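Colleague: I am new to this one. Can we go through it together, a step at a time?

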Amino acid sequence: MFFSKGMKRFKGKRIAITGAASGLGRALALRFAREGWSVCIADIHMERAIEVSCEVEEAGGKALVYECNISKTEDFESLAKH
């Protein structure tokens with residue numbers, strides 16, 4: 001309940017979630033999508049990331065897929081720049 005109330009203050013915002021193609025990252029992506037956020041699904045598993053992007057759009061958000069391996073500094077820095 002608190003999560004939803006707090007998110008309404010930021011209506012129309014954008015968020016990047018690493019590891020968003022599965023598990024907790026996916027759950028967070030879908031939760032933010034239901035609140036109308038634009039969600040960057042950053043993951044190394046592109047096929048699953050694309051599937052989650054479709055789920056984000058169906059849930060009411062906007063999706064962007066970005067290939068990112070956060071164990072590589074250059075990938076994470078590139079994500080941060082976008």
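Colleague: Across which strands does helix α3 lie, and at what angle does α3 run to β3?
Modeller: Keep in mind that this is a predicted model. Helix α3 covers residues 46-58 and lies across β2 and β3. Its angle to β3 is about 170 degrees.

Colleague: How do β2 and β3 pair, and how many bridges join them?
Modeller: Both belong to an open sheet of 3 strands, in the order β1-β2-β3. The edge strands are β1 (14-18) and β3 (62-67), each pairing on one side only. Strand β2 (residues 38-43) runs parallel to β3, and the number of bridges joining them is 6.

Colleague: Which residue in β3 is the bridge partner of Asp-43?
Modeller: Asp-43 falls within strand β2, residues 38-43. Its bridge partner in β3 is Glu-67.

Colleague: What span should the 13 residues of α3 have?
Modeller: Take 1.5 Å a residue. The end C-alpha atoms of α3 are 18 Å apart, which agrees with the expected span of 18 Å.

Colleague: Where around α3 do the buried residues sit, and what arc do they cover?
Modeller: Buried here means under 20% relative accessible area. In α3 the buried residues are Ala-49, Val-52, Ser-53 and Val-56. They sit on the same side of α3, because around the axis they cover an arc of only 110 degrees.

Colleague: Which exposed residues are on the face of α3 turned away from its buried side?
Modeller: The cover over the buried residues includes α2 (23-34), β2 and β3. The face turned away from that buried side carries the exposed residues Glu-47 and Glu-58.

Notes. Residues are numbered from 1 along each chain as its sequence is written. This is a predicted model: local features need pLDDT of at least 70, side-chain atom pairs count only at pLDDT 80 or more; totals for chains, interfaces and linings use all residues. Side-chain values use heavy atoms; hydrogens and water are left out. Two strands pair if DSSP finds at least two bridges between them. Helices (H or I, at least four residues) and strands (E, at least two) are DSSP runs, numbered from the N terminus. Contact means heavy atoms within 4.5 Å. Axes are lines fitted to C-alpha atoms, for helices over the stretch in contact, and angles run from 0 to 180 degrees between N-to-C directions. The expected span of a helix is 1.5 Å times one less than its number of residues. Buried means under 20% relative accessible area, exposed over 50%, partly exposed in between (1.4 Å probe, protein chains only). The arc is that of the directions from the helix axis to the C-beta atoms.
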